[in-house]
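Q: Please pick one strand of this model and take a close look at it. Then follow the connections outward to the parts around it, keeping to what the model itself supports.

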Amino acid sequence: MKLIVAAATEAEIQPTTAWLQESGRKDVEILITGIGGFSTAYALGKRLSANKPALVVQAGIAGAFSRDLPLGQAALVEKEYFADLGAEDNGQFRDLFHIGLWKHDQHPFTHDYLLNPFERVPDSLAHLPRLTAVSVNTVSGEAATIERLERQYQPGLESMEGAALHYACLLENVPFLQLRTVSNYVEQRDKSKWDIPLAVRNLNGLLRQTILEWNNER
Ligand SMILES: O=C(O)c1cccc(C(=O)CC[C@H]2O[C@@H](n3cnc4c(=O)[nH]cnc43)[C@H](O)[C@@H]2O)c1
């Protein structure tokens, strides 16, 4: 049974891809899903309908809401929200639960979020904080948007693909983990403050340990 490592961009997991190619390992499959929820849901849905892996690990960088998480910090995402899917109503954002198009606890949601029920977290990742995250189509950079997300969801992290991973894997009944490292803070956009190399280095270090550990256990 395979382990699938899914990432939005090749750049985020390039060190792991190179290492896997050198090792000639065949039991780990790389899936580049593209950026955003729609491309991730499509890529995962298509792949998982062919046959089911033992585990999908989505690996990527993310924005952090709090300075308590240093750049480069790794975390596992436990709860995910589709945070910009809804309607604007008299200056207020309403999600699909609020406007009655989705029902609380409808499969695969728990209340209004997507919970990862996976309990067999590898030792190499067991020490990581387990956070709530929001998934968005537009990287948040306006104070009003950031305040709204914090008020509504109390997130630790923001990405563009996490909720799609949870949604697809819960529907397909495939175990999954979402591993993220912090590349930037969710704030007014200033790419010069991002540290993508550090986030990618830490992400791939943990990915490699996870793959080695996963291999030894079977
Ligand atoms: O510019 C580069 O060199 C570069 C290299 C690797 C990856 C990138 C990306 O921009 C990856 C996009 C990916 O990152 C996630 N992400 C990172 N920070 C945030 C954020 O603050 N809010 C939302 N998403 C974020 C996201 O999942 C993207 O898919 C660039």
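A: Within strand 7, the residue that Glu-80 bridges to is Leu-114. That bridge belongs to the antiparallel pairing of strand 4 with strand 7 (residues 114-115), which has two bridges. The model discussed here is predicted, and strand 4 is the part examined first.

Strand 4 spans residues 74-82, and eight of its nine residues are buried, so the strand is mostly covered. Glu-80 has a second bridge partner, Ala-133, in strand 8. Strand 8 (residues 130-135) runs parallel to strand 4, and six bridges join the two. Strand 4 also pairs with strand 10, this time in the antiparallel sense and over three bridges. Ala-74 takes part in that pairing, with Thr-181 of strand 10 as its bridge partner. Strand 4 thus has a parallel pairing with strand 8 and antiparallel pairings with strand 7 and strand 10. In a regular strand, side chains alternate between the two faces of the sheet.

Strand 7 leads to the loop that precedes it. Pro-108 sits in the loop between strand 6 (92-95) and strand 7. The peptide bond that joins His-107 to Pro-108 is cis, and its omega is near 10°. Asp-105 is in the loop between strand 6 and strand 7 as well. Asp-105 is not a glycine, yet its phi is positive, at about 70°. Asp-105 counts as exposed because it has 11 C-beta neighbours inside 10 Å, and the cut-off for exposed is 12 or fewer. On the other side of strand 6, the loop between strand 5 (86-89) and strand 6 holds Asn-90. Asn-90 is another residue that is not a glycine and has a positive phi, here about 50°. Asn-90 is exposed because 5 other C-beta atoms lie within 10 Å.

Strand 10, the antiparallel partner of strand 4 over three bridges, leads to the ligand. The shell around the ligand has 19 residues, and the closest are Ala-8, Ala-11, Gly-63, Ser-159 and Met-160. Helix 1 (10-23), strand 3 (55-64), strand 9 (157-159) and strand 10 (176-185) are the elements that contribute two or more residues to this shell. Of these, strand 3 gives the most, with four residues. Sorted by class, the shell has 10 nonpolar, six polar and three charged residues.

Two residues of strand 3 can be followed further. Val-57 lies in strand 3 and counts as buried because it has 26 C-beta neighbours inside 10 Å. Leaving aside residues up to four places away in sequence, Val-57 touches Leu-3, Val-5, Leu-177, Leu-179 and Thr-210. Ala-6 is 51 residues from Val-57 in sequence, but the C-alpha atoms of the two are 6.1 Å apart. Ala-64 is also in strand 3 and is buried because its C-beta neighbours inside 10 Å number 25. With the sequence neighbours up to four places away again left out, Ala-64 touches Leu-69, Gly-156, Leu-157, Val-182, Tyr-185 and Val-186. One of these contacts, Val-182, is 118 residues from Ala-64 in sequence and 6.1 Å from it, C-alpha to C-alpha.

Helix 5 (residues 162-172) is mostly covered, with eight of its 11 residues buried. Those eight are Gly-162, Ala-163, Ala-164, Leu-165, His-166, Tyr-167, Ala-168 and Cys-169. Just after helix 5 comes Asn-173, whose phi is positive at about 60°.

A word on the record and on confidence. An unreviewed UniProt entry annotates residues 24-210 as "domain: Nucleoside phosphorylase". Over residues 24-210 the chain is 29% helix and 28% strand, with 17 Å between the end C-alpha atoms. The average pLDDT of the chain is 96, and 99% of the residues score at least 70. The scores for the model are ipTM 0.94 and pTM 0.96.

Terms used
Residues numbered from 1 in each chain as written. Predicted model: local features only at pLDDT ≥ 70, side-chain atom pairs only at ≥ 80, totals over all residues. Buried ≥ 20, exposed ≤ 12 C-beta atoms within 10 Å, placed from the backbone. Near = placed C-beta within 6 Å. Nonpolar A, V, L, I, M, F, W, Y, C, P; charged D, E, K, R; others polar. UniProt positions renumbered as here; feature names shortened; annotations may be inferred. Pairing = 2+ DSSP bridges. pLDDT = per-residue confidence, 0-100. Contact = placed C-beta atoms within 7 Å.
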